[in-house]
Every structure is written in structure tokens, then in C-alpha cells.
Amino acid sequence: MADKVFLVIGAGAGIGGHAAKRFAAGGYHAVLARRSDEEGLQRLVDAITDAGGKASGRLIDASLPDTIEDLVEDVERGIGPIEGALFNLGAQIGNRPLAETTPRMFELGWRLATFAPYRLARALLPRMAERGRGAFLVTSATAAMRGNAGQASHAAAMGGRRMLCQSLNAEFAPQGVHVAHVLIDAAVDAPDTLGKMVGDRWEAFKDQMGEDGLVDPAAVAETYWHIAHQPRSAWTFETDIRPYRDAPWWNDNPTTAIEKT
């Protein structure tokens, strides 16, 4: 049994994968879970083990019943106590007018952005509370703070994610569990997520954004590591991250800010 486990739900090559690498380098057994691309998942696991860390990979569809709950049970029984967890699944269905946002699409956004982290929290946080420690990190987006045209599903779902995290923090922080809502307020340098959305324009898009114009997922992982290991007298619940060139969500001005995607 490992001394401590770091579980990542949504372990792609961007933020999730880099967070797993960072926590594995810090002595955790990283458990990386994602929906598809078994080869890509194995590459991430191999990169961690080749560097001397411990890692396991799981393919799960977090939208299906019991998948998250069964994963938590399997990890706790077979690997070790989950001392840290990162919920890193997105829920972006693209820019769609309300008339083109079907009930199924709207509900899927909620299931991925709000219901799935609720399920992870319900399966995991009581265990952390019983141990009197643990970090529950949730990746979020600008849409959690501000709606926009064409984003009815995403904004509603991510706003729900933020309120869920606030409620979890109010209940579990006094029991020793650190809940953190981390808002990524810009485009992330992640070829298997944003890169797929941009397609053939990926390299041109990166050039357009310029040096340090995209959020570096390795730097985000360092932020997650820091938050998860803060002293109890100075816990962060919510923070937002963006490159130096971007105006923050609360001061965005289209005449001065780089357009966010």
C-alpha cells in the first residue's frame, strides 16, 4: 500500500497530466483517470515511472453511474488513502446560440461540470474528514464567474461547480479538508484539449499568442502543489490564473485584452 495517493480525474496531457507528474515527484502515488486514449494515458504513466515516481492509469467515463465511486473505492482499497484529488474535467460544448443548445447538451454540461465533482466529493470527502486531512482541488474556468453569449450550458454548469465548491469548503474545511476552486482565466497550452479544438491552426495560434501567452500547465501544477500543502492557518479557497498579458475576468476590456477562447 502506498503512503498517500493523488487522484486526477481528467488526466490529459495538459493540467491534469502535469499535476500528476508534480505530485508524483513529491512522493505521491499518482492515479491518472481519463475517458479515452489509452496510449496517451500510458505515456503519462510511463513518464512518471521513468522519472522514479509511482503512477497508475485508469480509463473511466465519469458521466456513467458508479464509475467515480468505484474508482475511489478501488484506489483506497488497492493502492492507498487518497490524500489529494484533482477534478479536472471540462464541460465546454462550444459556442452555441440558445436555440442550438439542446436539452441533452445542456444536461451533459451539468453532469460533467457539477454532478461529477459532487459524486467525487461524496465518495471521497467523508474519508478525508475521517482522517482529518486531505486536499480537494477543482479546476474551473472564467465561465464560473461570468456568463457570455453562446455559453448558456458552460456558464450555468461552471457556476454550479463554483457554488458546489463553496458549500464543500464550508462543510469540510472545519474537519481538516482543504477544498480549493482554481479558475483558469485564459487559454491553456494543452495540445490534446485546446489543440484539438483549434485543429490545424494550433501552431499558428500559439505563435499568435506569443511567448508566455498561453497558460503553462506545468506552472499551474506548481500552484496546485502549493495550495495542497499550505498551512491550515493560511488556506486558499479560490484563486485565478492567467498569463501576464491577459486582463483578468473582472477587468476585461476588449480594447486592451487578448481575446479569450
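Begin by selecting Asp37, a residue that is partly exposed in this predicted model, with a relative accessible area of 37%. Its place is the loop between β2 and α2, and its phi is near 65 degrees, a positive value in a residue other than glycine. Most residues other than glycine have a negative phi.

From Asp37, step back along the chain to strand β2, which covers residues 29-34, and then add strand β3, residues 54-59, to the selection; these two strands pair in the parallel sense, and six bridges join them. To see how they line up, select His29, which stands opposite Lys54 in β3. Next, follow the chain as it leaves β2, passes through helix α2 (residues 38-50) and arrives at β3, a β-α-β crossover that is right-handed.

Beyond β3, select Asp66, which lies in the loop that leads from β3 to α3 (67-78). Is Asp66 buried, partly exposed or exposed? Asp66 is partly exposed, and its relative accessible area is 46%. Asp66, although not a glycine, has a positive phi of about 75 degrees.

Finally, clear the selection and show the whole protein chain, in which there are eight helices and seven strands. Of its 261 residues, 49% are buried, while the accessible surface comes to about 12,800 Å², with 50% of that surface belonging to carbon and sulfur atoms. Among the contacts in the chain with a separation of 6 or more, 72% are between residues 24 or more positions apart.

Technical notes
Residues numbered from 1 in each chain as written. Predicted model: local features only at pLDDT ≥ 70, side-chain atom pairs only at ≥ 80, totals over all residues. Heavy atoms only, no water. Pairing = 2+ DSSP bridges. Helix = DSSP H or I, 4+ residues; strand = E, 2+ residues; numbered from the N terminus. Right-handed = clockwise from strand over helix to strand, strands pointing away. Buried < 20%, exposed > 50% of the residue type's maximum accessible area, 1.4 Å probe, protein only. Contact = heavy atoms within 4.5 Å. Areas by Shrake-Rupley, 256 points an atom, 1.4 Å probe, with all protein chains shown as cover.
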